[in-house]
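Notebook open. Today I wanted to go through the strand pairings and one helix packing, and jot down what I found.

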Amino acid sequence: MGQTFDPVTLEILWRRLISIVDEADSSVSRTAFSSLLRDAHDYTCMFTDSRGRELAQGTFATPGQSGAMALGIKRLVERIPRESHKDGDVYITNDPWALAGHLNDVCVMSPIFYQDRLAAFTACVFHHSDIGGRVSSDNHDVFEDGLFIPLVKLYDGGVVNEAVLEMIRWNVRTPEEVTGDIRSQIAANHVCSQKIRQMLAEYGMESLDALADEIIGRTEKSMRAAIAKVPEGVYRAEGIVEQMEGKGDIVIKAAVDVRGSDIHVDLEGSSPQVDWGGNVVYNFTYAYVFMAIKSIFDPDIPNNDGCAAPIHLAAPEGSVVNCRFPAAVAARMQIGHFVTEIIYRALAGAVPTRVIAGSGGTPATMNVFYGRRKDGKPWHSVIIRGGGMGASAADDGNYVYIFPANGANTPVEIFESDTPLIVERRELLPDSGGAGRTKGGLGRRVVFRIPDDAYAPLPPVKLGIQSGRYRYPPEGLFGGLAGGRARFLVNGEQGNPYGLTQLKPGDVVTMDAAGGGGYGPAHEREPERVREDVENGYVSIEAARERYGVVIDPGTLALDLPATEALRARIISGGKAER
């Protein structure tokens, strides 16, 4: 303790810590059983100092998990007497209120010992495809959501607790996959432990605590310096999130108070918790408040406990953004993902060039499929897909992007290999990006079929959907237009996107993801950029004229600049685009 580090050594060690977590992270892609982990990257690895303060996380961490873990791991460490830890201990829990907000996010945590002393902790949260329960957004309490694992030892001094594993096996549909993914978590923690011990030995360090003091202190100073540049004041916004059919809309209100180098976010006035799975626990809400503020003010510095020090959150208990046990929480992303967007909207007036418009990947679309194959063997798969990202002051929104959750779209080939279903189409949706000076990203369409031939699964095929944007499209900013809405069709007819759908062989399902909102007035977009969008199939000739005031020759796709200038002059003066 009390060890100091010169700037060069500090930078080397800091980068090494991140590389260690990334190595653990990459081990998951080689050892995980489910495609949700291997391909969609719905997991986060991190480690802390011996006091539970986050020190490093994977470069491709998922914000909802990593931000919640930064709070949750610290509290778990505080709950367990320091002297009770042994080398070889492994803890497991999926308590939504302790960590990442729903039962599918299972945490495995291990103390790291060096020279018989507690030196650090390593932990990872994986989104397990299967945690049992009723796989639907319209559950009424957490008991319907699946298996609840309190904080228990999975390994005690290196000896496995078979009773815990057996309990898990008998409460899930695909036990080999679930227990295989848990072993992948243990392997990731083992990588972290081994590499950290190696680093401590090389540099003659007893623990990570002194290094953590340096890194966390410098990070906090950097974060505070960035916040202090913003004019003090209270910045407000609110957003509406759709509920299931027949239920009133949810309102999330945010007051963002910038005081010197601190930011206080108050969500007072947000709707009470609901009787379906969209409820959000405090940790998950904090994670997406943190995501917004960190990405605005200091996006480049690596995440650790110092980033969070200036950020303070008040969320009324019993509200949809701080629900009480035993609320249903399986679909918490359907509401929680909107928190980042609402913080952006609140701060848009203060830092207009650092925010983006609404995104069609908010919330991400999660589809849970399960059933039985012809031979009676159960199958289960979860895929995540994004929509169009919101535009920024400088750039068009990315296409088919999962934001703010930072997952990856599951490849068609993986989906078809994991399930008996057939993907017939996967394509971008022209005109779905909100028009603006910078254009919102395009949404996407996926069409899949339940085969009715020799490979047909046994009916029914069950589909649980967690998604949104069916009624309210992603909003534009500063005069930008909204993106296109999402759609869910079964055999060409409107389906129920808010619960559990029963499908049979021969059914065809169409899922359209929303496009991102535009930024700035559409008639200020460079005409040549609009022409290129038309040429690439992103914008139709009709939308170029109606939304952007740009005239394109339908035969040659050439830009008619005089006609465009005349049309835009009419639009600016209050007229309409005439055919």
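**Strand pairs and a helix crossing**

I began with V447, whose bridge partner in strand 20 is T510. A reminder to myself: this is a predicted model.

I then widened the view to the strands around that pair. Strand 15 (residues 444–449) and strand 20 (residues 508–512) run antiparallel, and 5 bridges join them. Both belong to an open sheet of 5 strands, which I read in the order 14-15-20-17-18 with antiparallel pairing. Strand 14 (422–428) and strand 18 (493–494) are the edge strands, and each pairs on one side only.

Next entry: the other open sheet I looked up. I found 4 strands in the order 13-12-16-19, again with antiparallel pairing. Which strands stand at its edges? I noted strand 13 (378–385) and strand 19 (500–503); each has a single partner strand, so one side of each is left without a neighbour in the sheet. From one strand to the next, the twist averages 20°. I also checked strand 12 (residues 365–372) against strand 13: they pair in the antiparallel sense over 8 bridges. Within that pairing, M366 stands opposite I384 of strand 13.

On to strand 5 (residues 117–127). Is this strand largely enclosed or left open, I wondered, and how many of its 11 residues are buried? I got 10 of the 11, so strand 5 is largely enclosed by the rest of the structure. I looked up its partners too. Strand 1 (residues 43–49) runs antiparallel to strand 5, with 7 bridges joining them, and M46 stands opposite A123 there. Strand 4 (residues 105–114) is also antiparallel to strand 5, joined by 10 bridges; in this pairing S110 has T122 as its bridge partner. Strand 4 and strand 5 make a hairpin with 2 residues between the strands, and I marked Q115 in it for a positive phi near 55°.

Last entry: helices. I picked helix 8 (residues 282–297) and helix 11 (residues 338–347), whose axes come within 8 Å and cross at roughly 45°. That angle makes helix 8 oblique to helix 11. The crossing of helix 8 past helix 11 is right-handed. I listed who makes the contact: from helix 8 T285, Y288, V289, M291, A292, I293, S295, I296 and F297, and from helix 11 V339, T340, I343, Y344 and L347. What is the split into nonpolar, polar and charged in this contact? I have 11 nonpolar, 3 polar and no charged residues.

Terms used
Residues are numbered from 1 along each chain as its sequence is written. This is a predicted model: local features need pLDDT of at least 70, side-chain atom pairs count only at pLDDT 80 or more; totals for chains, interfaces and linings use all residues. Side-chain values use heavy atoms; hydrogens and water are left out. Two strands pair if DSSP finds at least two bridges between them. Axes are lines fitted to C-alpha atoms, for helices over the stretch in contact, and angles run from 0 to 180 degrees between N-to-C directions. Angles under 35 degrees count as roughly parallel, over 145 as roughly antiparallel, 65 to 115 as roughly perpendicular and the rest as oblique. A crossing is left-handed if the near helix is turned anticlockwise from the far one by less than a right angle, and right-handed if clockwise. Contact means heavy atoms within 4.5 Å. Ala, Val, Leu, Ile, Met, Phe, Trp, Tyr, Cys and Pro count as nonpolar, Asp, Glu, Lys and Arg as charged, and the others, Gly among them, as polar. Buried means under 20% relative accessible area, exposed over 50%, partly exposed in between (1.4 Å probe, protein chains only).
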